[in-house]
Amino acid sequence: MPDEIVKILLTWYDKNQRILPWRMVDGNVPNPYLVWLSEIMLQQTTVPTVIPYFYRFLEKWPSISDLARASRDEILHAWQGLGYYNRAHKLHECSILISQKYNNIFPSTYNNLLLLPGIGPYTAAAISSIAFNQPVPVVDGNVERLMARLYALQIPKKDIKKRSTEILQLFPLNHRPGDIAQSMMDFANSICTWAKPKCLSCPLKNHCKSQKLGIAEQLPKREVKKKPTRYAYFLCIERNHDKAFLFYKRPLKGLLPGLMGFPSTNWQPHAWPDAPAFYSQFLPNHDNIQWIDTPIQHTFTHFYLEARVGKYVASNSIINYVPFPNMQWIKSCNINKHALPTLMKKVAKTCGIVC
Ligand code: SF4
């Protein structure tokens, strides 16, 4: 049965594969740099979101050596809005390592790829399979769903990746391994979709256990996790005479590492942490803060953030005032030159800052 499934998938893929900028056509093996860049960008993100970022990176840094020569801030600036900023840091580290230690040549085996920063088991499998034609099972969320349905895996979601990998190890992956991996991703994305899989017209329906059992749409089992909410105050401090705003560079560890942000309280699990102590760190007179009525809502992977934003126009007395060394005044016309995550852009918009 695995032989038949692979045959059907490759036949379907040859006619229906998605045209994506990091892929090659006519059976050519793609450039590992393009595969790596796309796979890092695609972690936790969708293909339509990634495509403009991918083009932007290639235009700026056409090769791994170009990327290795870029500064971290330049990479963060190009990455802003894509989220999960640790990926951008690791991308930079990895490009430097490949450039310096491997003479700009990607390692081709799964085990050697796993040694590189930002490359976990899935990404190592994807690069070795797609860019180097190694017969390694590649199991992303799409492939998990396809395998869970084909084999009617009624097991907890956390166990599906391991079980799918075990099943795929029995598949004949030696011939066109990269195309097999990508055929599964494309097939799951357009035929075996999350909602309403197209079972009636599916070329795999005769091999699909969940379809025979009438439980395809119930698999894989979903886990409903309730996200907690955290609360914070943000301050948007404007210097009156030149329309500059006070920003700080976030630490390299933790959320939104190395990006620019507005000063804020800790993001706490209880509604509205005590703010006055926070204001007094920055402002000689906090009675003049204008609090914006509607809080900002922002969704992170593991929690929601609800933030109240205050605006303060500073008089000439704090023209050169910088409360902490990691803070700086940035004129509104220059804000776009810095890497600002989406949350901070929301704060800026709420305060009427045109970036
Ligand atoms: S028959 Fe339905 S559930 Fe099974 S592989 Fe095809 S689309 Fe997916």
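**Cavities, helix packing and local geometry**

Helix α11 makes the greatest contribution to the lining of the second largest cavity, supplying four residues; helices here are DSSP runs of H or I with at least four residues, strands are runs of E with at least two, and both are numbered from the N terminus. The structure is a predicted model, in which local features require pLDDT of at least 70 and side-chain atom pairs count only at pLDDT 80 or more, whereas totals for chains, interfaces and linings use all residues. Residues are numbered from 1 along each chain as its sequence is written, and side-chain values use heavy atoms, with hydrogens and water left out.

The second largest cavity has a volume of about 50 Å³, and its lining is formed by S129, V136, P137, V138, L168, L173, P177, I180, A181 and M184. A cavity is taken as a set of points, on a 1 Å grid over the protein atoms alone, where a 1.4 Å probe fits but cannot get out, and lining residues have an atom within 4 Å of a point. Grid points are joined across faces, edges and corners, and volumes are the space filled by probe spheres set on the points. By class, this lining comprises nine nonpolar residues and one polar residue, with no charged residues; Ala, Val, Leu, Ile, Met, Phe, Trp, Tyr, Cys and Pro are counted as nonpolar, Asp, Glu, Lys and Arg as charged, and the others, Gly among them, as polar.

With a threshold of 30 Å³ or more, two cavities are counted in the model. The largest cavity encloses about 120 Å³ of space and is lined by 14 residues, of which F187, C192, C199, C202 and C208 lie nearest its centre. Here the greatest contribution comes from helix α9, with three residues, and the lining as a whole consists of ten nonpolar, one polar and three charged residues.

The helices that contribute most to the two linings, α9 for the largest cavity and α11 for the second largest, also pack against each other. The axes of α9 (residues 141–150) and α11 (residues 177–190) come within 8 Å and cross at roughly 75 degrees, and α9 is therefore roughly perpendicular to α11. Axes are lines fitted to C-alpha atoms, for helices over the stretch in contact, with angles between N-to-C directions running from 0 to 180 degrees; those under 35 degrees count as roughly parallel, those over 145 as roughly antiparallel, those from 65 to 115 as roughly perpendicular and the rest as oblique. On the α9 side, N142, V143, R145 and L146 meet M184, M185, F187, A188 and N189 of α11, where contact means heavy atoms within 4.5 Å. The residues of this contact divide into six nonpolar, two polar and one charged. Two of the α11 residues recur in the cavity descriptions, since M184 lines the second largest cavity, while F187 is among the residues nearest the centre of the largest.

Elsewhere in the chain, I75 in helix α5 (residues 72–79) counts as buried because its relative accessibility is 1%; buried denotes under 20% relative accessible area, exposed over 50% and partly exposed in between, with a 1.4 Å probe and protein chains only. Beyond its neighbours within four places in sequence, I75 is in contact with F57, W61, L67, A70, A88 and H92. The C-alpha atom of I75 lies 8.8 Å from that of A339, although the two residues are 264 residues apart along the chain. T123, in helix α8 (residues 121–130), is likewise buried, with a relative accessible area of 3%, and its contacts, with neighbours within four places in sequence left aside, are E39, I40 and Q43.

Several loops carry less common backbone geometry, given that most residues other than glycine have a negative phi and most peptide bonds are trans. Q44, in the loop between α2 (32–42) and α3 (47–60), has a positive phi of about 70 degrees although it is not a glycine, and this residue is exposed, with a relative accessible area of 59%. In N103, located in the loop between α6 (86–101) and α7 (110–113), phi is near 55 degrees, and N103 is exposed at a relative accessible area of 58%. The peptide bond from L219 to P220 is cis, with omega near -10 degrees, and P220 is placed in the loop between α12 (209–213) and β1 (229–239).

Taken as a whole, the chain contains 14 helices and seven strands, and its C-alpha trace spans about 75 × 50 × 30 Å along the principal axes. Of its 355 residues, 49% are buried, and among contacts between residues at least 6 apart in sequence, 68% join residues at least 24 apart.

Notes
On a 1 Å grid over the protein atoms alone, a cavity is a set of points where a 1.4 Å probe fits but cannot get out, and a pocket is an open set with protein on both sides within 12 Å along at least five of seven lines; lining residues have an atom within 4 Å of a point.
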